[in-house]
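Work through the exercises below with the sequence and the 3D view open. Try each task before reading its solution.

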Amino acid sequence: MKTIYKLLSLVMLLFITISCGDEFLTNEPQGQFSSKGLATESGVEGLLLGSYKMLSGTGLDGQAPWENDVQNWVFGGIASDDAYKGTDAGDQPEQSFIEAYDFQAFNGHIKNKWRGLYKGIARANDALNTLKQVEDVSEATRTRIIAEARFLRGFFHLEARKMWKSPPYISDEIFDINDVESTKVPNDVEIWPLIEADLQAAMEKLPETQAQVGRPTKWAAMALLAKAKMYQGWDANGNANTAKLTEAKALLDQIVNSGKFTLVDKFQDNFLVATRNNAESIFEIQYAINSANDQASNQGVGLAHPYIDPWGCCGFYQASQNLVNAFKTSPSGLPLLDNFNNSDVTWETEYTGFLDPRIDHSLGRPGILFKDFKIHGTDFVRDVSYAGPYSSMKHVAEKAAFGIGGWGNLTANNYRILRYDMILLWLAEAEVEIGSLERARQLVNMVRTRAANPDSFVPKAIQGSSRNDFTIVDGVPAANYNIKTYDVSWTDKDLARKAVRFETRLEFSMEGHRFFDLQRWGISAQVLNDYLAVEKNKRVYLSGKTFTKNKNEYFPIPLEAIDRSLKEGNPTLTQDPNY
């Protein structure tokens, strides 16, 4: 299949040679090809592919891939109630500070997240500016390049706005790759309208389908625009912004009514290499790998693999006991919305209570088959006493796609950042606030019906004579799976809201969204301090830690970015006053 990531290796040499200073607000410019030399159709396409390359979060000098990983397992995962840092206490201590809500402006992970996002923005702007110099290009191609570049620029700015309360917006009108001063602009305006303008323009010009998998379509831009509006759907105190939710709902309805997408039959097909870019996919971060080159692989989640063979590293990003408990269900097959964390799902002995089957496609737990590799045990983690017995799973490739080249943890398992199940649950959120509670129930039930497909249940496996051997027990599920739909009409708005948000957590757990979902709903402090109050008794290093309301919802602007924003002796960037 012809895909965009097949072209990325061709552009790698270009950017190695260019060594351009597009990590603006952090690095001074270095020598580069002149814009004039790249002012051809192929040159602009190369610059645009350079921006695509930054989608994965890799490509920064002096940066570990996981510090800016698009899957946000650090910022969206371990900073939430979904996951612990994992591994052991001494590895990657900067992540420990993030887990403990001790956000500091000098934290290297926060700094490199900034650098990576703004490098992606710079490359999109460079493509737009260079295109202005190109005459020998068809109008159709020009329109497509502009639309793709604005989609990418909107994407990176949206990610920045999730991270920081007041990041700057850098447009092609002010960006000059040969002038580091050009990007030193104040962060004194709300950038959501500018993000929306980029995504609206992309939506209006992008085609409904693309010849190359990995390029955004009209529907991807529409979904991302809806996401931007959903992130403005509540204020810091959890009050609904009905105007923004109404705008989002119109876009989400359009996607649903288009008939272009559908839920795949099996939940786990959203997390396998073999089923990438399926009927549920709206936009995926594309990864590729072969025996000779792993530079386009999903390097950012390399640490977040089990500690046992065949991975052997590194045990990061372990599911929390709180998340595991969230998958408990009642005898009626519904979630325990209010008391799920009153008792723990056990692991030292087999747990015989009712569970949502998505648990064993979302995280690894002792006694259960881990994808198609082997039965999960305590040897999957580095230090059970430190961060418990559970692992992360969704990003791990299946056995047939494991370790084709380079480090075995690097695979071509795409990150499905925009999916149809997201559209359905965002729409359910909007319906609760401004529409029909009954339609919200129907939308949630669509997701739960798919999860209840018995063909997707993890089977029971019996340990063989060696660690890597096991036998599948035909027709017997691995646990007491029990999931049903909500069959009683929803009439209580508060209960409906709680049910939709709980469903969102279960459906997208360990995918790096949880911290930012709590942020946009305006309930971070309440949820995370409740989490810490219980979790400190299980993970002693969380004792005494608290989440500070109106501060920890966002991260501090990196100190280095502020220092490098000096213009005429004064920084143009202003730190979040809460820091």
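Helices (H or I, at least four residues) and strands (E, at least two) are DSSP runs, numbered from the N terminus. The model is predicted, so local features need pLDDT of at least 70 and side-chain atom pairs count only at pLDDT 80 or more, while totals for chains, interfaces and linings use all residues. Residues are numbered from 1 along each chain as its sequence is written, and side-chain values use heavy atoms, with hydrogens and water left out.

**Exercise 1. Cis peptide bonds**

Task: find which residue a cis peptide bond joins to P310, and where P310 lies.

Solution. Step 1: the partner of P310 is D309, and omega of this cis bond is about 10°. Step 2: P310 lies in the loop between β2 (281-285) and β3 (316-319). Step 3: look further along that loop, at C314, which is also placed between β2 and β3. A cis peptide bond joins C313 and C314, with omega about 0°.

**Exercise 2. Positive phi**

Task: locate N72 and Y101, and state whether each is buried or exposed.

Solution. Step 1: recall the background. Most residues other than glycine have a negative phi, and most peptide bonds are trans. Step 2: N72 is not a glycine, yet its phi is positive, about 55°. N72 lies in the loop between α2 (41-53) and α3 (73-78). Step 3: Y101 has a phi near 60° and is found in the loop between α4 (93-99) and α5 (108-131). Step 4: apply the cut-offs. Buried means under 20% relative accessible area, exposed over 50%, and partly exposed in between (1.4 Å probe, protein chains only). N72 counts as buried because its relative accessibility is 4%; Y101, at 6%, counts as buried too.

**Exercise 3. Helix α9**

Task: compare the expected span of α9 (residues 242-258) with the distance between its end C-alpha atoms.

Solution. Step 1: the expected span of a helix is 1.5 Å times one less than its number of residues. Step 2: α9 has 17 residues, so it should span 24 Å. Step 3: its end C-alpha atoms are 24 Å apart, which agrees. Step 4: list buried residues of α9; among them are L245, A248, L252 and I255. Step 5: find the cover of those buried residues, which includes α7 (192-205), α8 (218-230), α13 (420-434) and α14 (437-451). Step 6: turn to α13, where 14 of the 15 residues are buried, so α13 is largely enclosed by the rest of the structure.

**Exercise 4. Contacts of two buried residues**

Task: find what E535 and P556 are in contact with, leaving aside neighbours within four places in sequence.

Solution. Step 1: contact means heavy atoms within 4.5 Å. Step 2: E535 is in helix α17 and is buried, with a relative accessible area of 0%. Its contacts are Y84, S320, Q321, N322 and L542. E535 and N322 are 213 residues apart in sequence but 7.6 Å apart in space, C-alpha to C-alpha. Step 3: P556 lies in the loop between α17 (524-535) and α18 (559-563), and counts as buried at 0% relative accessibility. The contacts of P556 are F103, Q104, A105, I110, W164, Q575 and Y579.

**Exercise 5. The whole chain**

Task: state how many helices and strands the protein chain has, and what share of its residues counts as buried.

Solution. Step 1: there are 18 helices and 12 strands. Step 2: of the 579 residues, 63% count as buried.
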